[in-house]
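Biologist: Could you walk me through the charged side chains in this one? I'd like to go pair by pair.
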Amino acid sequence: MSLRPRPPSGYKRQNPSVIKEQSLPSQGYNVVRVNEDIARKVADVARLLYARGLVQVKGGNVSFYDRPEELLYITPTGVPRHTIREDDIAIMKIDGTVLV
C-alpha cells in the first residue's frame with residue numbers, strides 16, 4: 001500500500017460525506033457514504049495512543065470497521081502518530097477497494 005501525499009494547506013474534500021465510486025462505465029456511479037466523524041475519531045485515537053506512550057512515533061495502526069456501510073477506516077503507515085489528521089485516514093471497502 002502506498003502512502004497518499006498530504007493535501008496542500010487549506011485543502012477540503014469536495015462533499016466529504018459522499019464519494020462516487022466508478023464501477024463499469026455502463027453502470028455509472030455507486031454512491032458510498034463516508035462518515036467524516038469516524039475518520040476524525042480514528043485520527044484522535046492515534047494521537048491519544050502516542051500521547052500516552054502506548055505506540056512509537058511511527059508505529060501502531062488504528063482501524064475501525066463501519067459495519068452498516070461496509071467501510072474500513074485505517075491510519076497510514078509511516079506517518080508520525082502525533083501529526084495524523086482526519087484527511088490522512090485511508091477509507092476502503094472490505095474487498096480492498098481504496099476510496100480515499
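Modeller: What follows is a look at the salt bridges in this model, which is a predicted one.

Biologist: Okay, how many salt bridges does the structure hold?

Modeller: The structure holds four salt bridges.

Biologist: Which residue does Asp-37 pair with, and what is the distance between the closest N and O atoms?

Modeller: Asp-37 forms a salt bridge with Arg-40, and the closest N and O atoms are 3.5 Å apart. The two are three residues apart in helix α1, which spans residues 36–51, so about one helical turn separates them.

Biologist: Are those two buried or exposed?

Modeller: Arg-40 counts as partly exposed at 36% relative accessibility, and Asp-37 also counts as partly exposed, at 33%.

Biologist: And what about Arg-40 and Glu-86, how do their side chains meet?

Modeller: Their side chains meet in a salt bridge, with 2.9 Å from N to O. Because Arg-40 lies in helix α1 whereas Glu-86 lies in the loop between β4 (71–74) and β5 (90–93), this pair ties together parts that are 46 residues apart in sequence. Glu-86 counts as partly exposed, at 22% relative accessibility.

Biologist: Switching along the helix, what do Arg-47 and Asp-44 do?

Modeller: The side chains of Arg-47 and Asp-44 form a salt bridge at 2.3 Å, N to O, and both residues lie in helix α1, three residues apart, or about one turn. Arg-47 is partly exposed with a relative accessible area of 29%, and Asp-44 is partly exposed with 34%.

Biologist: Which residues are joined into one network?

Modeller: Asp-37, Arg-40, Lys-41 and Glu-86 are joined into one network by salt bridges that share partners.

Conventions
Residues are numbered from 1 along each chain as its sequence is written. This is a predicted model: local features need pLDDT of at least 70, side-chain atom pairs count only at pLDDT 80 or more; totals for chains, interfaces and linings use all residues. Side-chain values use heavy atoms; hydrogens and water are left out. Helices (H or I, at least four residues) and strands (E, at least two) are DSSP runs, numbered from the N terminus. Buried means under 20% relative accessible area, exposed over 50%, partly exposed in between (1.4 Å probe, protein chains only).
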